[in-house]
Amino acid sequence: MPDESFLSGITVLNDTKTRPLLESLHRPKVGAPLLRTYTSHWFARGWIPRLPSGTIPRRELTATTSGPLSDRVAIVTGASSGIGAAVAIALAREGCHVALTARRYAELEKVKQHLCASTPSKVRDQTDRHNFRRAGVMYYTLMSNAHLDDWNQTVDVNCKGLLHCLAHIVPGMLQRGRGHIVAISSDAGRKVFPGLSVYSASKFFVEATLQGLRLETAGKGLRVTSIQPGNTATALLQMSKDAEAVKRYGEPTGARILDPEDVARSIVYALKQPDHVAVNEVLIEPRDEPC
């Protein structure tokens, strides 16, 4: 312990005159919103293995009462987290009636309750209808390691899941002479990334299917949009079991990647165009990770 001579030599700083000058200075409140921002960033960088349970944006959601999307009906697949949850929130804010679909019912209920609290009677779930439950999957795998189960699931979910949705939705849209299909593809649907060969192939399938649908339905009132996100902070980044592939090709680059809300805004942009305008493709990338 220091003796008396040490204590007597300490300089005491008095901030009494400084405090009034700092009263107007804004200090960010340390609370749940700030911690959600931090943890989302840590997850996106790969510093934590998953987002904390219940990490859903809690910003105020005031629905638009008029506008191009007001009172439209939107079915959002994979709505329990990530891009799907962000899209559901964005569309509800635009005044849409939103039907939520997902595999994880408990997580879906959290999103549903959050939306219903702000936009009563505009949200319902469809967890058990029309095979809409499957959202996308992404596995880093090396072709030489032959992760056949992961490859099969990639085809089942990313390819067959899209076809199941289209089979149930497209005929009704054509009968009504109106509708808009928006599918989450990837920048991997434009070029193959090493370690993601099968995933890239599944997204090439998505692009070919959407192009064919667009050509076959021209003049029938249907719009078809492919959203092609680059690296985005979602649970997809944590699905891979091939440690060798992740080590070689899946490590964070240090660039700030996309948030799900960034992708959701691009979807809202495509949906809000006049009826005669078709936004066929939207490539959205982190600025510092160009495709």
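Reader: Let me start with one residue: is Q175 buried or exposed?

Author: Happy to begin there, with the reminder that this is a predicted model. To read burial, look at relative accessible area: a residue counts as exposed when that value is over 50%. Q175 has a relative accessible area of 74%, so Q175 is exposed. You will find Q175 in helix 6. G221 is 46 residues from Q175 in sequence, with 9.7 Å between their C-alpha atoms.

Reader: Thanks! And in the same helix, is D150 buried or exposed?

Author: Buried means under 20% relative accessible area. D150, which also lies in helix 6, has 4% and is therefore buried. Leaving out residues up to four places away in sequence, D150 touches Y139, T141 and K241. K241 is 91 residues away from D150 in sequence, yet their C-alpha atoms are 8.9 Å apart.

Reader: What about the whole chain: how many helices and strands are there, and what share of the residues is buried?

Author: The protein chain has 9 helices and 6 strands. Of its 291 residues, 41% are buried. Contacts tell another part of the story: among those with a separation of 6 or more, 71% join residues 24 or more positions apart.

Reader: Now to helix pairs. At what angle do helix 6 and helix 7 pack?

Author: The idea is to compare the directions of the two axes; angles under 35 degrees count as roughly parallel. Helix 6 (residues 148-176) and helix 7 (residues 197-216) pack at about 15°, and their axes are 8 Å apart. That is why helix 6 is described as roughly parallel to helix 7. The crossing of helix 6 past helix 7 is right-handed.

Reader: Which residues make that contact?

Author: From helix 6 come W151, T154, N158, C159, L162, L163, L166 and V170, and from helix 7 come V198, Y199, S202, K203, F205, V206, T209 and L213. Sorted by class, the contact of helix 6 with helix 7 has 11 nonpolar, 4 polar and 1 charged residues.

Reader: Which residues of helix 7 are buried, and what do they pack against?

Author: The buried ones are V198, Y199, S200, S202, K203, V206, E207, T209, L210, L213 and R214. The buried residues of helix 7 pack against helix 6, strand 4 (179-184), strand 5 (222-229) and strand 6 (281-284).

Reader: How far apart are the end C-alpha atoms of helix 7?

Author: Here you compare the expected span with the distance in the model. With 1.5 Å a residue, the 20 residues of helix 7 should span 28 Å; the end C-alpha atoms are 29 Å apart, which agrees. You can do this for helix 4 too: its 12 residues reach 17 Å from first C-alpha to last, close to the expected 16 Å.

Reader: Why is helix 4 called largely enclosed by the rest of the structure?

Author: Count its buried residues. In helix 4, 10 of the 12 residues are buried, so helix 4 is largely enclosed by the rest of the structure. Those buried in helix 4 are I83, G84, A85, A86, V87, A88, I89, A90, L91 and A92. Just after helix 4 comes G95, with a positive phi of about 95°.

Reader: How do helix 4 and helix 9 cross?

Author: Look at the angle again. The axes of helix 4 (residues 82-93) and helix 9 (residues 260-271) come within 8 Å and cross at roughly 50°. The two helices are therefore oblique to each other. Helix 4 passes helix 9 in a right-handed crossing. On the helix 4 side, the contact is made by G82, I83, A86, V87, A90 and L91; on the helix 9 side, by P260, E261, V263, A264, I267, V268 and L271. By class, the contact of helix 4 with helix 9 has 11 nonpolar, 1 polar and 1 charged residues.

Reader: Last, the loops. Where is A146, and what is its phi?

Author: A146 is in the loop between strand 3 (123-125) and helix 6. Its phi is near 50°, a positive value in a residue other than glycine. With 46% relative accessibility, A146 counts as partly exposed.

Reader: And which residues does L236 touch?

Author: L236 touches G136, V137 and M138, not counting residues up to four places away in sequence. The place of L236 is the loop between strand 5 and helix 8 (243-249). Its relative accessible area of 24% makes L236 partly exposed. Y140 is 96 residues from L236 in sequence, with 9.9 Å between their C-alpha atoms.

How values were computed. Residues are numbered from 1 along each chain as its sequence is written. This is a predicted model: local features need pLDDT of at least 70, side-chain atom pairs count only at pLDDT 80 or more; totals for chains, interfaces and linings use all residues. Side-chain values use heavy atoms; hydrogens and water are left out. Axes are lines fitted to C-alpha atoms, for helices over the stretch in contact, and angles run from 0 to 180 degrees between N-to-C directions. Helices (H or I, at least four residues) and strands (E, at least two) are DSSP runs, numbered from the N terminus. Angles under 35 degrees count as roughly parallel, over 145 as roughly antiparallel, 65 to 115 as roughly perpendicular and the rest as oblique. A crossing is left-handed if the near helix is turned anticlockwise from the far one by less than a right angle, and right-handed if clockwise. Contact means heavy atoms within 4.5 Å. Ala, Val, Leu, Ile, Met, Phe, Trp, Tyr, Cys and Pro count as nonpolar, Asp, Glu, Lys and Arg as charged, and the others, Gly among them, as polar. The expected span of a helix is 1.5 Å times one less than its number of residues. Buried means under 20% relative accessible area, exposed over 50%, partly exposed in between (1.4 Å probe, protein chains only).
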